[in-house]
Amino acid sequence: EYGTEGRVRFIDLQPRPDDLRAEVLQGLGQSPKRLAPKWFYDQTGSRLFDAITQLPEYYPTRTEIGILRRDGEAIAEHLGRGKVLIELGSGSSLKIQILLAALRPRLYVPIDISRDHLIASAQALARRFPGLEIQAVCADYSKPLALPLETDWGERAAFFPGSSIGNFDPPEVRAFLQRVARLLGPGGALLIGVDLIKDRTILEPAYDDAQGVTAAFNLNLLARLNRELGADFDLERFRHHALFNAEASRIEMHLVSTCTQQVQVTGEVFDFTEGEGIHTESSYKYSIQGFQRLARSAGFVCERVWTDEQGWFSVHCLRV
Ligand code: AVJ
């Protein structure tokens with residue numbers, strides 16, 4: 001549909017929603033107990049995450065935006081203009097706006113699992129970039145995916161910002177990158193933001209801020225289970241804990257029980273000892289070389305990397 005709002009085509013691959021109840025019962029039945037970070041992002045959680053990205057301690061968002069602003073033209077030069085730009089997860093609109101302005105792709109393909117968020121942000125971008133061709137795809141990019149792009153629009157580039165790659169554990173991260181390489185095809189490029197290893201005095205406050213926004217984000221997971229599954233977590237009896245596990249090179253977030261207690265989730269009862277945690281998130285940090293080794297093992301050539309002056313965050317161009 002053409003018009004002042006530009007052209008937005010919506011393609012619904014009808015991703016099957018994951019089963020919250022089954023996964024929660026499974027995760028809380030394990031030892032140590034765990035819940036997947038994908039469950040953070042209900043409406044409240046998404047709002048809290050937006051607030052996190054603005055926190056003084058949370059450097060990744062503003063550092064990556066700084067790199068894109070400073071080096072956007074060089075990045076566009078390197079990637080090549082007038083191609084198909086795929087965005088894996090339609091997240092921060094500011095980052096994609098910087099890239100779209102520099103890259104001016106023939107076709108922009110945002111992929112997101114949230115239909116409402118996808119459509120709203122695609123329409124907002126269509127208004128901002130009149131004449132930009134947009135094909136918004138509702139799909140789960142963390143699972144195998146073939147894009148139904150009707151015609152051959154040309155070579156593909158993908159954008160995966162925010163160090164979202166950091167949520168993948170080692171067994172899955174290579175398989176994910178291999179799937180992206182297949183999606184891009186020969187000659188395709190992946191522009192990916194990767195948070196770097198740094199001193200824990202910088203890392204830990206980024207995940208345990210003074211205002212308690214990250215604590216609220218973590219605890220909202222329990223509130224969500226109360227709301228959606230009728231669980232009876234007492235949020236006063238759990239506390240947020242974040243630490244840098246240097247051996248595993250990851251930030252870990254936990255929800256730690258402050259006493260011995262039982263919690264009921266859809267009829268099943270789970271025991272907690274005092275100090276027992278639920279592992280809710282891992283956020284892996286890489287060295288530039290370590291990430292390049294991983295990318296090569298997934299079939300990419302590492303062509304360029306851009307970083308900020310402090311060397312806190314990296315944006316890589318990988319080629320299939
Ligand atoms: C969205 C996974 C990139 O790991 O920094 C931020 C999520 N969790 N604060 C990150 C997050 C707590 C974020 N990622």
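**A tour from helix 5 to the ligand**

Begin by selecting helix 5 and colouring Asp116 and Arg127, which are exposed on the other side of this helix from its buried residues. What you have open is a predicted model, and the helix chosen as the starting point runs over residues 115–128. Helix 5 has 14 residues and reaches 20 Å from its first C-alpha to its last, close to the 20 Å expected at 1.5 Å a residue.

Next, select Leu118, Ser121, Ala122, Leu125 and Ala126, which are the buried residues in helix 5. If you turn the view to look down the axis of helix 5, these buried residues fall within an arc of 145°, so they line one face of the helix. An α-helix has 3.6 residues a turn, so residues three or four places apart point the same way. To see what covers the buried residues of helix 5, add strand 1 (7–12), helix 4 (93–103), strand 4 (107–112) and strand 5 (133–138), which are included in that cover.

Now move to the largest nonpolar core, which has 67 residues, and select Leu79, Leu85, Val109, Ile134, Ala158, Leu190 and Leu191, the ones with the most contacts inside it. Centre the view on Leu190, which touches Ala158, Phe160, Val180, Leu184, Phe300 and Leu318, leaving aside residues up to four places away in sequence. Apart from the largest core lies another core, of 19 residues, where you can select Leu48, Leu222, Leu225 and Val263 among others.

Finish at the ligand, and show the residues around it: Ile52, Pro60, Gly162, Ser163, Ser164, Gly166, Asn167, Tyr207, Thr214, Glu281 and Ser283. Coloured by type, this shell around the ligand divides into three nonpolar, seven polar and one charged residue.

Note on methods. Residues are numbered from 1 along each chain as its sequence is written. This is a predicted model: local features need pLDDT of at least 70, side-chain atom pairs count only at pLDDT 80 or more; totals for chains, interfaces and linings use all residues. A residue is near a molecule or strand if its C-beta atom, placed from the backbone, lies within 6 Å of it. Ala, Val, Leu, Ile, Met, Phe, Trp, Tyr, Cys and Pro count as nonpolar, Asp, Glu, Lys and Arg as charged, and the others, Gly among them, as polar. Helices (H or I, at least four residues) and strands (E, at least two) are DSSP runs, numbered from the N terminus. The expected span of a helix is 1.5 Å times one less than its number of residues. A residue is buried if 20 or more other C-beta atoms lie within 10 Å of its own, exposed if 12 or fewer, and partly exposed in between; C-beta atoms are placed from the backbone. The arc is that of the directions from the helix axis to the C-beta atoms. Two residues are in contact if their C-beta atoms, placed from the backbone, lie within 7 Å. A nonpolar core is a set of buried Ala, Val, Leu, Ile, Met, Phe, Trp, Tyr and Cys residues joined through C-beta atoms within 7 Å.
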